[in-house]
Amino acid sequence: MMNKFTYWQRLKVAFQYVMPQLYLTQLAGWFAKQEWGSITHFAIQLFAKKYNVDMSEAQKEHFSDYKSFNQFFIRELKEDARKINENPTALCLPADGRVSQIGHIDDDLLLQAKGHFFSLSDLLADDEELVNTFRNGEFATIYLSPRDYHRVHMPCDATLRKMLYVPGDLFSVNPFLAEHVPNLFARNERVICLFDTDFGPMVQILVGATITASMSTVWAGIINPPRSREVKVWTYQGDSAIELRKGQEMGAFQLGSTVINLFPADSVKLAEHLQVEVPVRMGEILATIK
């Protein structure tokens with residue numbers, strides 16, 4: 001039985017390498033935009049039932065309120081559905097989901113899963129200044145499943161200084177594949193956002209995945225598609241600087257994926273209760289400022 005189970009695990013991983021990731025993602029994106037009336041509502045209902053989506057938290061609780069899957073994926077929550085930790089020394093979790101990994105950046109290495117590491121340099125597209133800023137710092141990786149609220153929020157008050165779109169693969173980012181696909185988060189496409197905060201710089205990264213049709217930010221709209229083959233960089237200085245408040249929405253996924261936060265060395269203390277697989281909600285404590 002064990003050998004058979006291992007065989008299917010290996011087959012599942014192998015399929016990720018050979019399947020047409022971009023084609024499937026584009027097809028999912030096309031489907032998610034369609035407004036097919038009762039057919040769309042029925043499909044959303046099946047999806048919500050399969051993944052046990054809690055619609056009582058949504059501003060629009062009825063499936064018929066959503067014209068497309070995209071509207072459903074980025075559904076807004078009721079105003080009181082999430083409480084933002086108001087402690088001025090506390091940083092909040094940016095999204096609903098589960099802790100994938102959390103801890104210390106060992107020089108240039110981040111833990112992806114038990115026994116698997118990836119490099120800060122690869123994650124940050126070899127941006128030397130960014131790499132040196134977060135070397136030996138702290139990190140938190142939050143996985144958003146299909147059932148989760150797909151909007152991403154700010155852990156603290158911050159000023160946007162730089163955004164990078166990094167092209168890459170579109171592997172699924174579920175916990176099983178995080179354990180079996182090397183360098184997963186550093187090889188998938190991603191949007192890297194650099195902020196200035198009261199405790200120093202902070203990075204918040206939106207990681208793409210299979211069937212994640214697009215990623216967006218509140219200041220730039222949809223970042224992908226189109227999907228560039230080269231790294232794209234935007235800077236925000238002077239009059240173009242963008243101020244965001246703690247708990248404010250900063251971006252969204254059209255279907256769940258992963259958010260990674262990076263902090264410089266000796267700047268924050270990560271909350272001790274946050275361990276691998278712990279379920280989390282946006283607004284709860286992530287860390288405290290040292």
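Start by selecting Cys92: in this predicted model, Cys92 is buried, at 1% relative accessibility. Now look for a bonding partner. The nearest cysteine sulfur belongs to Cys156, and it sits 8.7 Å away, leaving Cys92 in no disulfide.

Add Cys156 to the selection. This one is buried as well, with a relative accessibility of 8%. Why is there no bond from Cys156 to Cys92? The two sulfurs are too far apart for one at 8.7 Å, because a disulfide needs them within 2.5 Å. Don't bother hunting for bridges elsewhere: the disulfide count comes to zero.

Next, select residues 158-166, which is strand E7, and pick out Thr159 within it. Is Thr159 buried or exposed? Buried, at 9% relative accessible area, since anything under 20% falls in that class. Show its surroundings, skipping residues up to four places away in sequence, and you'll find contacts with Leu194, Phe195 and Asp196, plus Ala241, Ile242 and Glu243.

Hang on to Phe195, as the next stop picks up there. Phe195 is listed with Trp219, Met250 and Leu286 as the residues with the most contacts inside the largest nonpolar core, a set of 37 residues. Which element gives this core its largest share? That's E7, with four residues.

Now center on Trp219. Leaving out residues up to four places away in sequence, what does Trp219 touch? Its contacts include Leu160 and Met163, then Cys193 and Phe195, and further along the chain Tyr236, Ile242, Leu244 and Met250. Ile242 is worth keeping highlighted: Thr159 touches Ile242, and so does Trp219.

There's another core to color separately. Select Leu110, Leu130, Ala209 and Ile260, which are among the 31 residues of a second core, separate from the one you just left.

Finally, head out to the surface. Select Tyr23, Leu27, Trp30, Phe31, Trp36 and Ile39, and you have a nonpolar surface patch of about 640 Å². Where does most of the cast come from? Helix H2, residues 21-33, gives the patch its largest share, with four residues.

Zoom in on Trp36 to finish. You'll find Trp36 in the loop between H2 and helix H3, the latter spanning 38-51. Trp36 counts as partly exposed, with a relative accessibility of 36%, because that class runs between the 20% limit for buried and the 50% limit for exposed. For contrast, flip back to Cys92, where you began: that residue is buried at 1%.

Definitions and conventions: Residues are numbered from 1 along each chain as its sequence is written. This is a predicted model: local features need pLDDT of at least 70, side-chain atom pairs count only at pLDDT 80 or more; totals for chains, interfaces and linings use all residues. Side-chain values use heavy atoms; hydrogens and water are left out. Helices (H or I, at least four residues) and strands (E, at least two) are DSSP runs, numbered from the N terminus. Buried means under 20% relative accessible area, exposed over 50%, partly exposed in between (1.4 Å probe, protein chains only). Contact means heavy atoms within 4.5 Å. Patches are made of residues with over 30% relative accessible area and no salt bridge: like charges are joined within 9 Å, nonpolar side chains (Val, Leu, Ile, Met, Phe, Trp, Tyr) within 5 Å. Accessible areas come from the Shrake-Rupley method with a 1.4 Å probe; for residues, only the protein chains shown count as cover. A salt bridge is a side-chain nitrogen of Lys or Arg within 4 Å of a carboxyl oxygen of Asp or Glu. A nonpolar core is a set of buried Ala, Val, Leu, Ile, Met, Phe, Trp, Tyr and Cys residues joined through side-chain atoms within 4.5 Å.
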